[in-house]
Each structure stands twice: as structure tokens, then as C-alpha cells.
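Visitor: Before we discuss any assignments, could you show me the model, and then take me through the reasoning behind the labels it carries?

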Amino acid sequence: NIDIDIRVAGPSARALAYLIDFALRGTATIAIAYILTLFKETGMGLFSILVFVIEWFYPVLFEVFHHGRTPGKQAMGLQVLNDDGTPVTWSTSVLRNLLRFVDFLPAMYGVGLVTCCISGQFQRLGDLAAGTVVVYSLPPAKEVTHSPLPALPPPVSLSVDEQRAILSFSERANQLSDSRQQELAGHLTPILLSGDEDSVKTLRRIAVWLVGSR
């Protein structure tokens, strides 16, 4: 019962990612060809095999082992996912990439472009068959840090919402001015404080206790 919001990538971003990958594959192919020409007929046979592997399994290996991102997609901030938001598997990645030869028809990914434009999620034919989408990668989650102050158990039982409010305050406190911290703490601490205690410091100590008690 968790909603996952993903932003699908359009044809222009995907085309730029493809051009980056195409340049990388081309560079690798030229380098391999130069080396294998030294081995004459045997080298040419190996070259044909390696070109096939690079062309068809370059995207599959990166998508499966690198969180749905080839170097080109990573450069453009894209990744491939199943259309339910889960990571791609061997079967889905192989299927979507094997159907690239159909998407390429009649030339320059004509079928793929038309399919992307009429699909609600910019899916080319291979994506529709495999049940995948190309989306913009989510930014990495920031590490949450709390105060280094000693933990303080709350003097009263706290509801789940109250605990969340205190933790949220502690996580954001360093981004707020002193006056804003005092203002927000004043709304959270009437039942937690006695005397002239520092409301901000007390809340942050309680947050440390809450984190440690989970």
C-alpha cells in the first residue's frame, strides 16, 4: 500500500542517452578490431562474436547489474524499471533489447519513436512487450543525522504523530534560524517541559532517544 511516483523519460532524453552509449560501443568496437587484426582470420572470427555480444548484451548487463542504467542513461539521469516500479530482471531486459531491431525499422528507430509518442508512458515496442519504462532516477536520499546531545526519555507517552513531529523537527533544526527553532519548539513542548528548560535542546534530546529506542 505504498504509492511510488516515477517520472517517465521522453524520446529526446532517451535519444541522447542512446547516442552516448552508441559512441561508447563504437569506441570499444574500434579498439577491439585494431587488436584482433593482429590475429588475422582467427581475430576476425573473434571480432564478429564480440561485436554481437557488445551490440546485444551491453545494455542488458548494465541494466541488470547497474540498477537499470547504462553509462548513457546514467549520464542523462535515467534508468530502466519494470512498469510497477521494481528493478528489471534478466528476462525483461533481454526481451526489451532484443526487440530493438523492430523498433529500429524502417530506419533510425522510426517504429520506436512512433510507439513512444502514442504510448502514455513513452514506451517503445520493446518496453511494451517487456513491461518496462525508462524513468528519471530519483536523487539519492540524504543521510539523516540527529543531535549529538545525550538521549532523554519523554516524560509522557507520545502518540505516533507526536513522535514523527519531534523527529522531523530534529532533522530540520540545523536548517532553521534560532528564532524559528524556538517558535516551532514552543508548539511541541508545552506538555514535555517544566520550569525554564531549553525547549529546542529538550526536543532534540528526546529525538535522540526515539531514534535509539526503535
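Guide: We can begin with a pair of residues, valine 80 and its bridge partner in S2, valine 134. Please keep in mind throughout that this is a predicted model.

Visitor: What makes S1 and S2 a pair of strands?

Guide: The criterion asks for at least two bridges between the strands, and strand S1 (residues 78-82) and S2 are joined in the antiparallel sense over five bridges, so the label of a pair applies. Besides the bridge between valine 80 and valine 134, glutamine 79 stands opposite valine 135 in S2.

Visitor: How do you know that S1 is covered on both faces?

Guide: On one side lie Leu78, Val80 and Asn82, on the other Gln79 and Leu81, and all of them are buried; for the strand as a whole the count is five of its five residues. In strand S2 (residues 132-136), four of its five residues are buried.

Visitor: Where do these strands sit in the order of elements along the chain?

Guide: The protein has ten helices and two strands, and along the sequence they follow the pattern α-α-α-β-α-α-α-α-β-α-α-α.

Visitor: Why is serine 199 called buried, while leucine 50 is called partly exposed?

Guide: Serine 199 has a relative accessible area of 9%, and buried means under 20%, so serine 199 falls in that class. Leucine 50 has a relative accessible area of 36%, which lies between the limits of 20% and 50% and is therefore called partly exposed. Serine 199 is found in helix H10 (residues 199-212), whereas leucine 50 belongs to helix H2.

Visitor: What makes the approach of serine 199 to glutamine 182 a polar contact?

Guide: The contact joins the two side chains at 3.3 Å, and the cut-off for such a pair of N or O atoms is 3.5 Å.

Visitor: Why is the link between glutamate 55 and arginine 100 called a salt bridge?

Guide: The closest N and O atoms of glutamate 55 and arginine 100 are 3.5 Å apart, and the limit is 4 Å between a side-chain nitrogen of Lys or Arg and a carboxyl oxygen of Asp or Glu, so the pair qualifies. Glutamate 55 lies in helix H2 and arginine 100 in helix H5 (residues 100-103), 45 residues apart, so that the pair links distant parts of the chain. Glutamate 55 is partly exposed at 29% relative accessible area, while arginine 100, at 8%, counts as buried.

Visitor: What makes the pair of lysine 73 and glutamate 63 a salt bridge?

Guide: The side chains of lysine 73 and glutamate 63 meet at 4.0 Å, N to O, and the definition accepts atoms within 4 Å, so this pair is counted. Lysine 73 and glutamate 63 are both buried. They also belong to a network of salt bridges that links Arg14, Glu63, Lys73, Arg96 and Asp127.

Visitor: How do you know that glutamate 183 and arginine 180 are about one turn of helix apart?

Guide: Both lie in helix H9 (residues 178-188), three residues apart, which is about one turn. Their closest N and O atoms are 3.1 Å apart, and they form a salt bridge. With relative accessibilities of 43% for glutamate 183 and 35% for arginine 180, each counts as partly exposed. Over the whole structure, the search finds nine salt bridges.

Visitor: What makes a set of residues such as Leu158 and Ile166 a nonpolar core?

Guide: A core is a set of buried nonpolar residues joined through side-chain atoms within 4.5 Å. The largest one has ten residues, namely Leu158, Ile166, Leu167, Phe169, Ala185, Val200, Leu203, Ile206, Ala207 and Leu210. Helix H8 (160-172) and H10 are the elements that give two or more residues to this core, and H10 provides the largest share, five residues. A second, separate core of seven residues includes Ala9, Ala13, Leu78 and Val134.

Visitor: Which residues make the nonpolar patch on the surface?

Guide: Leu46, Ile49, Leu50, Phe52, Val53, Phe57, Leu61, Phe65 and Trp90 make a patch of about 860 Å², to which helix H2 (residues 40-65) gives the most, with eight residues. Leucine 50, at 36%, is above the 30% relative accessible area that a patch residue must exceed.

Note on methods
Residues numbered from 1 in each chain as written. Predicted model: local features only at pLDDT ≥ 70, side-chain atom pairs only at ≥ 80, totals over all residues. Heavy atoms only, no water. Patch = residues over 30% accessible without salt bridge, like charges linked within 9 Å, V, L, I, M, F, W, Y side chains within 5 Å. Areas by Shrake-Rupley, 256 points an atom, 1.4 Å probe, with all protein chains shown as cover. Buried < 20%, exposed > 50% of the residue type's maximum accessible area, 1.4 Å probe, protein only. Polar contact = N/O pair within 3.5 Å; in protein donor to acceptor, adjacent residues only side chain to side chain.
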